[in-house]
Amino acid sequence: MAIEIKAPTFPESVQDGTVATWHKSAGETVSRDELIVEIETDKVVLEVVAPADGVLSEIIKQEGDTILSNEVLAFVGEGAAASTAAPAAASAPAAAPSGTSVEIKTPTFPESVQDGTVASWHKASGDAVTRDELIVEIETDKVVLEVVAPADGVMGEIVKGEGDTVLSGEVIAHVLEGGAAPAPAASSESNTNTTSDEDAVASPSARKLAAEKGLDLANVKGSGRGGLITKEDVEGAGKAPAASAPAAPKAAAAPKAAAAPALAGQGGRVEKRVPMTRLRKRIAERLLQATSTTAMLTTFNEVNMQPVMDLRKKYKDQFEKTHNGTRLGFMGFFVKAAVEALKRFPAVNASIDGDDVVYHGYQDIGVAVSTEKGLVVPVLRNAENMGLADVESGIRNFGLRARDGKLGIDEMTGGTFTITNGGVFGSLLSTPILNPPQTAILGMHKIQERPMAVNGQVVIQPIMYLALSYDHRMVDGKEAVQFLVAIKDLLEDPARILLEI
């Protein structure tokens with residue numbers, strides 16, 4: 001009996017799709033869960049696999065045809081492969097049973113996170129997976145979450161494609177527990193018949209990425225079934241173009257490889273449109289919220305960094321040796337100075353909640369960390385109880401994990417005061433934007449040697465400009481200036497930080 005092969009169920013936002021690539025022809029043998037056809041929508045490329053072992057008896061929709069959700073694409077004659085697959089049985093083992101289907105769900109999001117977006121699939125339907133292996137990344141407005149395989153087996157149906165919005169605990173795919181990836185019965189024949197330098201077989205996502213990178217697919221080696229070039233192959237080729245060039249077996253492909261990159265360098269008005277990441281969207285929303293809902297004002301001062309630099313130079317090596325490799329930096333002094341100043345001026349450590357003012361009896365200091373995807377602000381909890389070594393170790397740990405996308409959402413929520421350091425990028429002066437619902441943020445900047453008048457003489461000193469942005473609804477100008485002066489005094493005489501005077 002013929003079994004229908006249908007298009008996947010499209011999300012509500014996707015009206016239709018296009019048949020991108022058929023990986024099997026009518027009359028060819030197919031194995032259960034083997035990739036047969038790819039459907040390209042305006043958001044994602046969907047893979048359709050064989051529902052059972054058999055022979056692809058009829059193809060109804062051809063490449064380029066427009067299709068609707070759940071529309072019949074082809075038919076598979078179940079069991080018809082028994083007679084035709086016999087010669088191939090000697091050279092290729094039969095596919096193992098698919099096993100029990102296990103759901104792959106998104107992680108449970110915190111209350112402050114409404115939904116997420118499927119950022120990147122690291123496995124495709126039919127790929128073998130091992131327990132705890134990374135399968136997909138979910139991007140929220142605060143952090144990227146990694147989802148791993150729940151068991152050994154084979155990737156089954158992928159319910160949510162890249163770019164789709166997902167909710168907490170929603171099913172996004174299935175794993176066939178205990179299954180084995182189907183081995184192609186005639187891989188050598190398919191390589192010979194379908195793959196060449198002149199007409200490389202690639203998935204739609206791979207072709208799209210290659211076009212963006214200006215790569216010639218003839219020089220990319222496919223790792224998919226039958227030599228299929230996948231998106232990961234193109235990404236790898238883009239990262240190491242020098243290594244992929246010698247792999248091209250034919251010199252005839254050289255002119256094609258040189259032509260694509262040359263287009264970008266001809267002085268044309270080239271544009272590239274990419275969707276804004278979820279993290280960047282969230283950053284934009286919070287910045288607009290801060291500027292439109294607060295009475296933000298900035299006050300400035302300057303601090304002589306020579307005393308801190310002298311103290312750091314004197315004890316740097318001993319500090320690192322005593323505290324197991326933790327280096328003595330500048331941020332530790334600024335955090336401790338901010339904690340002491342916040343104790344003296346509670347309004348700067350407060351927040352506004354509707355018509356109420358919330359005064360915090362603790363100092364949770366957020367430290368802005370720059371990553372490739374945007375700015376994140378992990379929080380040092382109870383910084384008033386931390387020593388210099390604890391602060392420096394905590395900030396370094398945040399920086400490393402932020403760049404690897406390993407920060408947890410709970411580590412970036414809360415905070416009563418924020419410190420941002422634009423000086424590491426060379427910023428001389430700036431006006432930092434508030435991090436709601438906090439009422440103040442301290443901006444550090446580049447240390448620059450300047451001529452200063454000291455006791456009637458001109459002396460060259462390392463000076464840093466400090467900027468304090470504050471919500472004038474909560475903090476008066478007098479308090480803001482006195483708060484910044486307190487930080488200045490503590491940094492210019494670091495002993496006062498230890499003595500709390």
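**Exercise 1. Work out how strand E16 is held in its sheet, starting from its bridges to E9.**

Step 1. In this predicted model, strand E16 (residues 171–177) runs antiparallel to E9, and six bridges join the two. One of the residue pairs can be named, since Lys105 has Val171 in E16 as its bridge partner.

Step 2. E16 also pairs with strand E14 (residues 153–158), again in the antiparallel sense, and here the pairing extends over four bridges. Within E16, Val175 is the bridge partner of Met155.

Step 3. Both pairings fit into an open sheet of four strands with antiparallel pairing, whose order is E9-E16-E14-E11. Strand E9 (100–105) and strand E11 (128–129) are the edge strands of this sheet, each pairing on one side only.

Step 4. Burial completes the description of E16: five of its seven residues are buried, so the strand is largely enclosed by the rest of the structure.

**Exercise 2. Determine which strands stand at the edges of the sheet E5-E4-E2-E7.**

Step 1. The order E5-E4-E2-E7 describes an open sheet formed by four strands, with antiparallel pairing.

Step 2. Strand E5 (45–49) and strand E7 (66–67) each have a single partner strand and therefore stand at the edges, with one side of each left without a neighbour in the sheet.

Step 3. The partner of E5 can be examined in detail, as five bridges join strand E4 (residues 35–40) to E5 in an antiparallel arrangement. At one position along this pairing, Glu40 stands opposite Val45 in E5.

**Exercise 3. Classify the aromatic pairs of the structure and state which parts of the chain they tie together.**

Step 1. A pair of aromatic rings is described by the distance of the centres and the angle of the planes. The structure holds two such pairs.

Step 2. For Phe345 and Phe483, the ring centres are 6.3 Å apart and the planes stand at 80°, so this pair is edge-to-face. Because Phe345 lies in the loop between helix H10 (331–344) and strand E18 (351–353), while Phe483 lies in helix H12 (residues 477–492), the pair ties together parts that are 138 residues apart in sequence.

Step 3. For Phe417 and Phe483, the centres are 5.6 Å apart and the planes are at 65°, so this pair is edge-to-face as well. Phe417 lies in strand E24 (residues 417–421) and Phe483 in helix H12, so this contact ties together parts that are 66 residues apart in sequence.

Step 4. The ring pairs link Phe345, Phe417 and Phe483 into a cluster. Phe345 is buried, with a relative accessible area of 15%, Phe417 counts as buried at 0% relative accessibility, and Phe483 is buried with a relative accessible area of 0%.

Step 5. An aromatic ring may also face a charged side chain, and Arg312 lies over the face of Phe330, at 4.9 Å from the ring centre.

**Exercise 4. Describe the largest nonpolar core and identify the element that gives the most to it.**

Step 1. The largest nonpolar core has 72 residues, and those with the most contacts inside it are Ile135, Ile138, Val335, Phe417, Ile419 and Phe483. H10 gives the most to this core, contributing nine residues.

Step 2. Ile419 can serve as an example: leaving aside its neighbours within four places in sequence, its contacts include Met331, Phe334, Val335, Ala338, Ile365, Val367, Leu442 and Met444.

Step 3. Another core, of 18 residues, lies apart from the largest one, and among its residues are Ala7, Val19, Val30 and Leu46.

**Exercise 5. Decide whether Asn385 is buried or exposed, and place it in the chain.**

Step 1. Asn385 belongs to the loop between strand E23 (379–380) and helix H11 (388–403).

Step 2. Its relative accessibility is 62%, and since exposed means over 50%, Asn385 counts as exposed.

Step 3. The C-alpha atoms of Asn385 and Val339 are separated by 9.7 Å, and the two residues are 46 residues apart along the chain.

**Exercise 6. State where pLDDT stays under 50 and how many contacts the model has there.**

Step 1. For the chain, the mean pLDDT is 80, and 80% of its residues reach 70 or more.

Step 2. Over residues 80–98 pLDDT stays under 50, and the model has 23 contacts beyond four places in sequence for this stretch. Over residues 182–199 pLDDT likewise stays under 50, and 26 contacts beyond four places in sequence are found in the model.

Notes. Residues numbered from 1 in each chain as written. Heavy atoms only, no water. Phe/Tyr/Trp six-rings, centres within 6.5 Å; stacked < 30°, edge-to-face > 60°. Buried < 20%, exposed > 50% of the residue type's maximum accessible area, 1.4 Å probe, protein only. Lys NZ or Arg CZ within 6 Å of the ring centre and 35° of its normal. Pairing = 2+ DSSP bridges. Core = buried A, V, L, I, M, F, W, Y, C linked by side-chain atoms within 4.5 Å. Contact = heavy atoms within 4.5 Å. pLDDT = per-residue confidence, 0-100.
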